[in-house]
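Biologist: Hey, could you walk me through this one? I'm new to looking at structures.

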Amino acid sequence: MNKKAKSFPLPLSSVVGRTSFEKLNPQGAGKSFAGSQTAIQNKAENLALNAFGRKPLSLPETGWNGSAVSRSLRSMTERLARGGVKDAVVLQAMGQIPRHLFVESGLSGQAYADIALPIGSHQTISKPSTVAKMLEALRIGKRESMMQKVLEIGTGCGYQAAILAKIANEVYSIERVKTLHELARRNLRPMRIANLRLHYGDGMLGLPQVAPFDGIVVAAAGLKVPEALLKQLAVGGRLIAPVGGERQTLQLVTRTAETRWEKIVLDDCHFVPLQKGIV
Ligand code: SAH
């Protein structure tokens, strides 16, 4: 990772990168789990429920059994660790959230591959390595401790929000597309995650009524980081966001004082665009 530290006044200028580390639908990356699709039980879903300390519920059958899910989650987190993710808290959280529950059943065979997958409305679920890198950057210096209050812009299918709820005490997530907001609600409801609140709205405005946040994760790329989000960071808080158009970089911003924000440019990346308003 190249790290170019910069201090700057508001607003952030956009910095563009060269290549992508997250491409939509890369070829040949899918991995099929068709061989495991025989079980009737709901153990897979219950893994997620137990991850939040709740009693197993009876959920619709998805064709995954508990051991197939555990194996897939383990191999996914091992691959993330081999790929350079070091934060045990992030790896542990990701190892507890079954990703196949967030994609449509026709794609669930590819759910544990390191690829972005379509979730409808021309949007995608971020690939696991991207989620891991973002959350790891957000948590720098936290060691074993939980983050306090975190905001996510771009709920999508709710996958990253569920992981955030494992690493922060309070999580708020905003989605501008109504059908996706509702999809996330449906996906997350059975998990009954008490510390996660979903909002339908324009995330570029943040959530001033709940601010300040000690972490903000933006899951869609704007030409610059929205000023409202920078202002809603607590002093000492961190924001991670993809920035740019065709060429994007992942940027980590730390609010170091009331009127001072410091930016580090991490990897090149490719995210769906951050858009204004609601639909
Ligand atoms: N975190 C998601 C990734 C979703 S992709 C997941 O785990 O699935 C990015 C999402 O950002 C899309 O759903 C898109 O609709 C949403 N988005 C784009 N601009 C937005 C805005 N201004 N406010 C809220 N959500 C936005």
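Modeller: Let's go through the ligand, then aromatic rings, then the backbone. This is a predicted model, where local features need pLDDT of at least 70, side-chain atom pairs count only at pLDDT 80 or more, and totals for chains, interfaces and linings use all residues. Residues are numbered from 1 along each chain as its sequence is written, and side-chain values use heavy atoms, with hydrogens and water left out.

Biologist: Cool. How many residues surround the ligand?

Modeller: There are 27 around the ligand, and the closest are E152, E175, D202, G203 and Q275. A residue makes the list if one of its heavy atoms lies within 4 Å of the ligand.

Biologist: What kinds of residues are in that shell, by class?

Modeller: You get 13 nonpolar, ten polar and four charged ones. Here Ala, Val, Leu, Ile, Met, Phe, Trp, Tyr, Cys and Pro count as nonpolar, Asp, Glu, Lys and Arg as charged, and the others, Gly among them, as polar.

Biologist: And which strand gives the largest share?

Modeller: That's β3, with three residues. β3 (123-125), β4 (147-153), α5 (159-167) and β5 (168-175) each give at least two. Helices (H or I, at least four residues) and strands (E, at least two) are DSSP runs, numbered from the N terminus.

Biologist: What do the side chains of E175 and D202 do there?

Modeller: An N or O atom in the E175 side chain is 2.6 Å from a ligand oxygen. For D202, a side-chain N or O atom is 2.9 Å from a ligand nitrogen.

Biologist: New topic: how many aromatic pairs are there?

Modeller: Three aromatic pairs, counting rings of Phe, Tyr and Trp (its six-membered ring) with centres within 6.5 Å; planes under 30 degrees apart are stacked, over 60 edge-to-face and the rest tilted. In one of them, W64 and Y112 have ring centres 5.4 Å apart and planes at 65 degrees, so that pair is edge-to-face.

Biologist: Where do W64 and Y112 sit?

Modeller: W64 is in the loop between α1 (43-51) and α2 (66-82), and Y112 in the loop between α3 (88-94) and β2 (117-120), so the pair ties together parts that are 48 residues apart in sequence.

Biologist: Last one: which residues does the cis peptide bond join?

Modeller: A211 and P212, with omega of about 5 degrees. P212 is in the loop between β6 (196-200) and β7 (213-218). Also, S121, in the loop between β2 and β3, has a positive phi near 55 degrees. Most residues other than glycine have a negative phi, and most peptide bonds are trans.

Conventions. Polar contact = N/O pair within 3.5 Å; in protein donor to acceptor, adjacent residues only side chain to side chain.
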